[in-house]
Amino acid sequence: MNEYTIRPLSAETWDAFAALCEKHGGMGFGECWCTWFHPRRKDLDIEVEAGRPYKELLVREGKAHAALVFAGDVAVGWCQFGSPEELPSIFHRKEYEADLVSPPDYRLTCIFVDRNHRREGVAAVAVDGAVDLIARAGGGVVEAYPQDTAGKKISASFLYGGTRGLFEKAGFEYERPKGKNHCVMRKVVPAAPPG
């Protein structure tokens, strides 16, 4: 088992994040660079290319957050988190909003693990890291939208939001279904003590 550490995504960790994205072809479908859940560029009225340039702009402006998992000096995974304003684009949004009682303070929208480090617990480390960073930022209600696999094997490319089991182990509670194979899970994260 590797020894992992967590560092927040920031201008200081950008190069490590970028190296991991580049290793995996820009991440996701259409070289997403983990921007799909962020506001659309046209809605922000900014002129920057999609993918890497947009993500780097958001990171440098403090508008993109993630817990980066490091093995030594190399980023091997992450869990993206942010407020609903920072991450408004979720799948099945109309269904989600129709049954919404109160909005969360934070969302966990995307988890990624380097292909060379899968099945080593990196996703769990990333989720715990995101929860810890949220606690240090004051805590609040945190939502995740994982795949509810019901014990079935699912291709890793569809598990961008993790699995229900992953979040149950992290202390999240099932709230309701969302879409065909996803669900809403919540956890109240207390603020970390000062210091």
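# A first look at the cysteines and the fold

User: In this predicted model, is Cys21 buried or exposed?
Analyst: The relative accessible area of Cys21 is 0%. Buried means under 20%, so Cys21 counts as buried.

User: And how many disulfides does the structure hold?
Analyst: Let's look at two of the cysteines. For Cys21, the nearest cysteine sulfur belongs to Cys34 and is 7.2 Å away. For Cys183, the nearest one is that of Cys79, 14 Å away. A disulfide needs the sulfur atoms within 2.5 Å, and the total for the structure is 0.

User: What is the relative accessible area of Cys183?
Analyst: Cys183 is in no disulfide. It's a buried residue, and its relative accessible area is 0%.

User: Which pattern do the helices and strands follow along the sequence?
Analyst: The chain has 6 helices and 7 strands to place. Read along the sequence, they give β-α-α-α-β-β-α-β-α-β-α-β-β.

User: What is the radius of gyration of the chain?
Analyst: For 195 residues, the globule rule gives 16 Å. The chain comes close to that, so it's as compact as a globular protein of that length. Its radius of gyration is 16 Å.

User: Of the contacts between residues at least 6 apart in sequence, what share join residues at least 24 apart?
Analyst: Some context on the chain: 46% of its 195 residues count as buried, and its C-alpha atoms fill a box of roughly 45 × 40 × 40 Å. As for those contacts, the share is 66%.

Technical notes:
Residues are numbered from 1 along each chain as its sequence is written. This is a predicted model: local features need pLDDT of at least 70, side-chain atom pairs count only at pLDDT 80 or more; totals for chains, interfaces and linings use all residues. Side-chain values use heavy atoms; hydrogens and water are left out. Buried means under 20% relative accessible area, exposed over 50%, partly exposed in between (1.4 Å probe, protein chains only). Helices (H or I, at least four residues) and strands (E, at least two) are DSSP runs, numbered from the N terminus. The radius of gyration is taken over C-alpha atoms; the globule rule is 2.2 Å times the number of residues to the power 0.38. Contact means heavy atoms within 4.5 Å.
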